[in-house]
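Visitor: I'm new to this one and would like a hand reading it. Could we take it feature by feature?

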2 protein chains.
Amino acid sequence: MANIHDIARVAGVSAATVSRVLNGHPYVSDEKRQAVLDAADQLHYEKNINAVHLARGKTETIGVILPFVSHPYFGIILSGIASAAEKNGYKLMIVQTNYNVMQEMDALDMLKLKQVDGLIITSRECPIELVEDYSEYGRIVLCEALSGNLLSSVFVNQYEAFKSALSFLKEKGKTNIGYTTLRMEGKSSSARKKAYEEQFGEMRRHWVFDQALTIEDGTRIAGEWAALHDRPDAMVITNDFVAVGFLLECRRIGFSVPGDVSVVGFDNHPISSALNMTTVELPLQQLGEIAFQQVISVEISHMEVPFRLIKRGSA
Amino acid sequence: MANIHDIARVAGVSAATVSRVLNGHPYVSDEKRQAVLDAADQLHYEKNINAVHLARGKTETIGVILPFVSHPYFGIILSGIASAAEKNGYKLMIVQTNYNVMQEMDALDMLKLKQVDGLIITSRECPIELVEDYSEYGRIVLCEALSGNLLSSVFVNQYEAFKSALSFLKEKGKTNIGYTTLRMEGKSSSARKKAYEEQFGEMRRHWVFDQALTIEDGTRIAGEWAALHDRPDAMVITNDFVAVGFLLECRRIGFSVPGDVSVVGFDNHPISSALNMTTVELPLQQLGEIAFQQVISVEISHMEVPFRLIKRGSA
DNA sequence: GTGAAAGCGCTAACAT
DNA sequence: ATGTTAGCGCTTTCAC
């Protein structure tokens with residue numbers, strides 16, 4: 001493996017000049033430049049990026065924490081991040097955490113170890129204070145509503161988005177509305193609770209279904225819903241995949257959607273359109289792109305992305 | 001930023017001993033070990049992983065090339081890779097290529113630059129010879145049928161899998177069978193053609209639908225199918241998402257599935273179960289895990305993973 | 001314009 | 001057990 005010094009020797013110049021040529025710096029004579037290029041070629045020179053990273057003190061790499069890479073919600077955010085990263089010449093390091101705090105810490109450590117210049121956390125399990133402790137090592141962006149001047153954030157207004165779904169259902173004459181959450185204790189969960197209780201008063205606990213992330217969760221929840229003596233006549237559901245599972249299972253066991261129960265999903269994933277399902281569109285791709293811009297920015301910022309209720313046939 | 005030498009000075013030992021302690025090597029006295037640990041603590045020492053990478057000549061990082069991170073097919077493979085990587089203490093660098101050769105080259109270069117120790121290519125656009133040229137820089141694993149001793153591979157037997165779907169449809173009395181492909185010129189495309197023609201003779205060009213990757217593609221193809229004067233009475237479809245788009249659109253425009261057209265998908269994604277769709281199960285998560293094992297292995301190997309026809313209501 | 005030289009921070013072979 | 005020393009390969013300041 002030839003290195004920069006080998007080239008310098010062969011080209012009859014110094015290592016510094018080789019570095020200049022290789023990095024396209026000005027102030028190198030054409031003859032020397034050509035000599036360096038020829039030598040590099042002749043020696044089959046390949047740059048060692050780790051040496052560059054060490055010498056420069058940065059890696060042009062961003063870490064991305066996500067609980068599940070194969071879930072469309074995170075997949076689409078990741079896709080947005082990836083396309084922005086590519087445009088800006090950055091590489092991406094991903095850590096799939098399964099909401100495991102140990103793995104989240106592992107990812108945070110990449111920042112401390114200078115393996116990545118910045119970190120995007122699409123969702124987390126660990127306490128925010130812990131994340132803040134890492135802000136001194138590089139820019140961190142969270143995909144959740146946040147303020148403060150330690151971390152950047154990009155998010156959908158969960159409260160308003162949820163409220164818009166509720167208002168729509170109310171207009172349609174629905175008053176017994178249930179909903180699902182990913183995790184009961186989560187932040188967006190309390191935003192939903194607040195929006196709900198403002199419109200309908202105290203929530204009935206058994207109308208809130210927890211652990212709703214996948215199609216299978218939706219299927220399961222449909223069964224739980226059907227078993228209720230006082231079934232909600234409408235459901236606002238975490239995301240389109242859960243909603244699909246719910247809707248199809250309801251129909252399978254003999255209920256009508258929206259006759260017996262209206263369904264509103266979130267994301268506007270293509271599947272919702274294929275199933276003619278009402279949903280709240282979230283610009284997830286764009287959210288990912290914004291997150292990337294924030295992570296390479298020197299400034300800390302908090303950005304809200306818009307949502308949009310898309311009325312289709314399930315509500 | 002304190003470094004190993006600062007610690008050595010404070011602890012009254014050499015840098016080498018500090019390195020030993022930090023890396024858990026044996027043969028360090030307890031007193032010195034403690035002194036080093038204390039000093040590290042006191043100086044808020046953080047290791048610089050780039051220096052480690054440079055000195056060691058490797059990075060414990062694997063690159064993953066995938067055309068689209070948000071497509072469930074690739075997402076699930078990635079998930080398998082990610083979980084295996086985590087278990088083995090490796091990090092993952094991902095490159096979303098959109099089947100763009102430039103970006104594929106970019107990813108291949110990570111290997112050359114020693115940014116990653118190995119590379120997993122889930123799908124590619126660039127010629128195999130080009131990939132082979134990079135095999136000297138580190139282990140490369142492709143997720144496609146392959147032989148030779150330059151690259152490893154893990155794959156489903158496309159020919160047999162497709163054949164099993166065809167045979168099943170034939171048993172059901174279907175003889176006018178069409179199918180979809182991701183890309184006409186692709187390798188799996190020719191495997192399908194071969195399997196098809198062995199059972200049914202010469203293919204009719206207009207019964208093969210190209211560019212089938214997403215739900216929307218399925219929707220579009222349903223329209224094309226419906227417009228045909230000699231419509232196939234069965235379709236074998238690239239993956240469950242395309243199949244979902246196809247199936248739902250067929251029903252929406254007034255056809256019956258499987259009455260007017262049988263549908264068989266691939267992957268056995270949860271969506272196929274929710275829609276009671278017949279599909280050929282592919283163990284994609286496992287495929288990802290195997291790919292990871294291969295990429296960190298010193299040996300080159302070629303592994304075939306099993307498939308399984310799952311009979312449901314769409315065929 | 002160009003080169004010398006001092007790092008960047010850590011590892012590991014060798015010596016003791 | 002511990003230290004010395006020579007890198008790993010590139011960047012960048014400073015001097016000429």
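Visitor: Which element gives the most to the surface near DNA strand D?
Guide: Elements here are DSSP runs numbered from the N terminus, with helices (H or I) of at least four residues and strands (E) of at least two. In this structure α4(A) gives the most, with 4 residues. Keep in mind that this is a predicted model, where local features need pLDDT of at least 70, side-chain atom pairs count only at pLDDT 80 or more, and totals for chains, interfaces and linings use all residues. Residues are numbered from 1 along each chain as its sequence is written, chains are lettered from A and ligands numbered from 1 in the order in which they are written, and side-chain values use heavy atoms, with hydrogens and water left out.

Visitor: Which residues come nearest to DNA strand D?
Guide: A residue is near a strand if one of its heavy atoms lies within 4 Å of it. There are 26 residues around DNA strand D, and A:I4, A:Y45, B:T17, B:R20 and B:S29 come nearest. By class, that surface has 12 nonpolar, 9 polar and 5 charged residues. The nonpolar class is Ala, Val, Leu, Ile, Met, Phe, Trp, Tyr, Cys and Pro, the charged class is Asp, Glu, Lys and Arg, and the others, Gly among them, are polar.

Visitor: Which part of DNA strand D do its atoms within 4 Å of the protein belong to?
Guide: 67% is the figure for strand C, while for strand D 64% of such atoms belong to sugar or phosphate and the rest to bases.

Visitor: How do I read a polar contact with a phosphate?
Guide: Look for a pair of N or O atoms within 3.5 Å; within protein, one must be able to donate a hydrogen and the other to accept it, and residues adjacent in sequence count only if both atoms are side-chain atoms. On DNA strand D, a phosphate oxygen lies 2.7 Å from a backbone N or O atom of A:I4. The side chain of A:S19 has an N or O atom 2.9 Å from a phosphate oxygen of that strand, and for a polar side-chain atom of A:N23 the figure is 3.2 Å.

Visitor: And what are the contacts on DNA strand C?
Guide: There, a side-chain N or O atom of A:T17 is 2.7 Å from a phosphate oxygen. A backbone N or O atom of B:I4 is 2.6 Å from one, and a polar side-chain atom of B:S19 is 2.9 Å from one. The largest share of the surface near strand C, 4 residues, comes from α4(B).

Visitor: How many strands does the open sheet have?
Guide: Two strands pair if DSSP finds at least two bridges between them. This sheet has 12 strands with mixed pairing, in the order β11(A)-β5(A)-β4(A)-β3(A)-β1(A)-β2(A)-β2(B)-β1(B)-β3(B)-β4(B)-β5(B)-β11(B). Its edges are β11 (302-305) of chain A and β11 (302-305) of chain B, each pairing on one side only.

Visitor: What packs on it?
Guide: Contact means heavy atoms within 4.5 Å. Helix α5 (72-87) of chain A touches β1, β2 and β3 of chain A together with β2 of chain B. Angles run from 0 to 180 degrees between N-to-C directions, using lines fitted to C-alpha atoms, for helices over the stretch in contact. The direction of α5 makes about 160 degrees with that of β2(A).
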